[in-house]
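Student: Could you walk me through this structure? I have not looked at it before, and I may jump around a bit.

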Amino acid sequence: MMKNYNNGLCTKKGEMKQDPYHVIHKLPPGDSPYVRAKYAQLVEKDPEAAIVLFWKAINAGDRVDSALKDMAVVLKQQDRSEEAIEAIKSFRERCSKQAQESLDNVLIDLYKKCGKLEEQIELLKQKLRMIYQGEAFNGKPTKTARSHGRKFQVTIKQETSRILGNLGWAYMQQTNYAIAEIVYHKAQQIDPDANKACNLCLCLLKQARYSEAKSVLEDVLQGKVSGSDDPKSKSRAEELLKELEQFGSFLYTSSSPQLNLEDAFIEGLDKLMNEWTPFRSRRLPIFEEISPCRDQLAC
């Protein structure tokens, strides 16, 4: 059971000021199934009890949006990602429209954890569709995100580049380097950063395109892209440079293959970049029926 005591703080008059217990432990107020689940998760550090109570909260209709997402996160931490995926698929219809985007983000992490690349790619493409159709961020030009307890604003352009970066990495895991390269290039054109630059470098390296890979890497080493001063990015760039230097003269002789992948997907991204508006009421002709090779890019 939850404890219902307060923390005492001295006031100027020497009296004790009582802070509510839920404030001290950053818990929601009350004694509902969801509140008890958060207590089990955050205070008692009992994930199994928390999962049971989150289920009770969902079945009772108690803060279903948060209960389903939080339960999925705890299941993932317990290496029960498959269960978390099924739970989201089965109960997301009970959640509000505003919660769907957040649930998609949790699903993408779960697919990544389970190695479900096809499902991950399809969901990333679906998120791109929502951006193209003006449905992302619940129709707003920005959204509030959290990282390490810090809140910050994310724009549609930043989100598009982030999703494309994740999509490129998923293709990399499939060893589909030619398509990953195209996606990374587009991501960097929209909102470049050091992490995606390193991934693009690795993608080019995997295709024996050493000169181009080194050119991309130099932007990071010379601090030309955002995040270049991050210690992890610096270290990774230095490791990639060492790997590239093993190929010596090849750094100056490799050339780009003619991929001929100018399909509806790439055309749509170009239009998005050239005619950017936060709210789009019409559909873009992005994902039309294309050749088997291009189908891998089409949403």
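Student: Let's start with the cysteines: how far is the sulfur of Cys 203 from the closest cysteine sulfur?
Tutor: The closest cysteine sulfur belongs to Cys 201 and is 9.8 Å from the sulfur of Cys 203, which is too far for a bond. A disulfide is a pair of cysteine sulfur atoms within 2.5 Å, and by this rule the count is 0 disulfides. Before we go on, please keep in mind that this is a predicted model, where local features need pLDDT of at least 70 and side-chain atom pairs count only at pLDDT 80 or more, while totals for chains, interfaces and linings use all residues. Residues are numbered from 1 along each chain as its sequence is written, and side-chain values use heavy atoms, with hydrogens and water left out.

Student: Okay, and is Cys 203 buried or exposed?
Tutor: Cys 203 counts as buried, because its relative accessibility is 0%; buried means under 20% relative accessible area, exposed means over 50%, and partly exposed is in between (1.4 Å probe, protein chains only). Cys 95 is buried too, with a relative accessible area of 10%.

Student: What about the chain overall, how much of it is buried?
Tutor: Of the 299 residues in the protein chain, 42% are buried. The secondary structure comes to 13 helices and 4 strands, where helices (H or I, at least four residues) and strands (E, at least two) are DSSP runs numbered from the N terminus.

Student: Which residues touch the most other members in the largest nonpolar core?
Tutor: That core has 71 residues, and Phe 54, Leu 68, Met 71, Ile 88, Leu 110 and Leu 167 touch the most other members. Helix H10 (residues 194-206) gives the most to this core, with 9 residues. A nonpolar core here is a set of buried Ala, Val, Leu, Ile, Met, Phe, Trp, Tyr and Cys residues joined through side-chain atoms within 4.5 Å.

Student: And what is Phe 54 in contact with, leaving aside neighbours within four places in sequence?
Tutor: Contact means heavy atoms within 4.5 Å, and on that basis Phe 54 is in contact with Tyr 34, Ala 37, Lys 38, Gln 41, Ala 67, Asp 70, Met 71 and Val 74.

Student: Gln 41 is in that list, so where is it found?
Tutor: Gln 41 is found in helix H2 (residues 33-42), and it is buried, with a relative accessible area of 19%. Leaving aside its neighbours within four places in sequence, Gln 41 is in contact with Ala 50, Phe 54 and Val 74.

Student: Switching topic, where does Ala 237 lie, and what does it touch?
Tutor: Ala 237 is in helix H12 (residues 231-245) and is buried, with a relative accessible area of 0%. Not counting residues up to four places away in sequence, Ala 237 touches Cys 198, Leu 217, Val 220 and Leu 221.

Student: How does Lys 56 compare, is it buried or exposed?
Tutor: Lys 56 is partly exposed, with a relative accessible area of 48%, and it lies in helix H3 (residues 47-60). The C-alpha atoms of Lys 56 and Ala 37 are separated by 8.9 Å, although these residues are 19 residues apart along the chain.
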